[in-house]
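Q: Got a minute to go through this one with me? I'd like to start with a single residue and work outwards.
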Amino acid sequence: MDLTWNSQLLGETDVLGKHTAASVDFVDRIANFVKKKTNLECMYAKELRKLIKSAKIRQMKDDFLEGRGTAILAFNNLINETENIASEHEVMTDQLTERVLKPLNGLLIELKNNRRLHMNDLGAIKSQLESYYKAAETSKKNYERACREAEIATKAFNSAEMDAKSTKAQLDKMRNTAASKAKTAEDCKNEYKEKLYQANERKALHYGSYLPDILKDMQRCDINRTNEIKKYLSEYIEVHRNILPSLNIVHDKLLTIQQSVDADADSQMVVNENRTDFVVPDDLEFEEYRENSSREANKLSIAAGFSVVTGLFSKKKKEDDKDYEAYPPEKKKKKALHKIMELEAALEQLDRNRNGALKVYKAYSENPNYGDVNKVKKELIDLAREINQKNHERYNLQVTIAEIDKAPTPDIPKMIPVDSVELDTRSETSESETTVVESTAMCDEQFVMRKDKTDVVKYIPDYRICRALYHFDGTSSGELTVSEGTQMYVLEEDTGGTGWTKVQINEDIGYVPTTYIDYV
């Protein structure tokens, strides 16, 4: 059975026009669906990323439990695997865009262009055929009018010829008119035949060649559209099918993570980390009343025993981080390492401040009009003392860790001579000034100064500048609320991996998450 459009639908061009228009709209609907599905996958991946980041920030703040026990480790691994899930959905977003959405949009543009060309061609050949029909109709009317005029002229001549009153001149004139009309009718007849032949010939070409060719190409485009839709539906399914094995691997890992939780091991860990040589106090003894007995002594002995019993339920004062001897060895080492990281961050900041002060000292020494050199000298002395103090604290902590690990004692750190920054401003050739200038020359030659209206130079510390990538609401004490895009001075960098950076905005100082900022 012949199912071609060029043989079965020659007279249904209007229906085919509606069909192709509906086909274009259908492809547009599919493209919009895939686009929305792609956007949903992208949004889901972004929301997962935000959730993971929030969980990691909370994990940094709750550092007491960090790395303590199988449950905490399992949850941290779950967060990491959730990040893998987000990555898989991002892959799905890219695959849907490249393999389905972009080709569908290209198909949609192609269908629209082909339909426009087909409809234009149909309109053109239809107009041309109608013009041939119109020319044939016009020649037919001319032929009919010429025949009527010739018939009237002939009848008039015959009547005049039979009339005895007609003169020879009148008869000759009427004879010529009738002959002329007859000739015009004959010419119109021939023209009518010619136009009719041309119209029939054009009609044969229209229905035999022009229209079938256009309908054949329209059917080809329609079949191609259907095949392309089938292909892209297959790609859509394949994208989802390809991501399933990766997600199944993640789910298997999650199951392994869940099975790694061991309540007994976590409970034993608490015992191992906090075990002490605690001894249960002796029973309280009954004492007879004596008039001269010390009531205060009795009261103290009972209170001491009661405090031991009830100490488990009472609120403990905040532990002093410096009293490391009160902790078990592992906890003592962990506290010491944490304190060392804080000291190193503070030392780094102090070194930057001292380098900046040396720059200002050099500028003031070269041009006393800028400001008071002695004030900068005093600041250099204070900074040197503070640096030496913190180096000493860090050394003591390093010795403590070495004793726990039974490792060699570290080398004593090199201290900054405080006298090296002293300067007699009345002598330009003093030894102290030479020392300061030499140390200043090792720093960056650029320094930041500015003058106010009183010609007093103000020193701006050489702090790094960062910018907030996201909005953050400081909910706890010490946290700083920042808006996206805000620029801040970095007072203390996150060198110890705590997840928090100390910054300053105008007069406000506080901590923000390290992952929320980017250095400028």
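Q: Gln219, buried or exposed?
A: Gln219 is buried, at a relative accessible area of 15%. Buried means under 20% relative accessible area, exposed over 50%, and partly exposed in between, using a 1.4 Å probe and protein chains only.

Q: OK, and before I trust that, what kind of model is this?
A: It's a predicted model, where local features need pLDDT of at least 70, side-chain atom pairs count only at pLDDT 80 or more, and totals for chains, interfaces and linings use all residues. Residues are numbered from 1 along each chain as its sequence is written, and side-chain values use heavy atoms, with hydrogens and water left out.

Q: Where does Gln219 sit, and what is it in contact with?
A: Gln219 is in helix 4, residues 168–259. Leaving aside neighbours within four places in sequence, Gln219 is in contact with Leu3, Thr4 and Trp5. Contact here means heavy atoms within 4.5 Å.

Q: How many helices and strands in the chain?
A: Nine helices and seven strands. They are DSSP runs numbered from the N terminus: helices are H or I with at least four residues, strands E with at least two.

Q: Switching to the strands: what does strand 5 pair with?
A: Strand 5 (residues 500–505) runs antiparallel to strand 4, joined by three bridges. Strand 5 also pairs with strand 6 (residues 508–513), again antiparallel, over six bridges. Two strands pair if DSSP finds at least two bridges between them.

Q: Which residues stand opposite Val503?
A: Val490 stands opposite Val503, and in strand 6 the bridge partner of Val503 is Gly510.

Q: What about the turn between strand 5 and strand 6?
A: Those two form a hairpin with two residues between them, and Asn506 in the turn has a positive phi of about 55°.

Q: Cysteines next. How many disulfides?
A: Zero. A disulfide would be a pair of cysteine sulfur atoms within 2.5 Å.

Q: Why does Cys147 have no bond?
A: Because the closest cysteine sulfur, in Cys188, is 7.7 Å from the sulfur of Cys147, too far for a bond. Cys147 is partly exposed, at 27% relative accessible area.

Q: Last one: how much of the chain is buried?
A: Buried residues make up 29% of the 520 residues. As for Tyr489 in strand 4, that residue counts as partly exposed at 37% relative accessibility.
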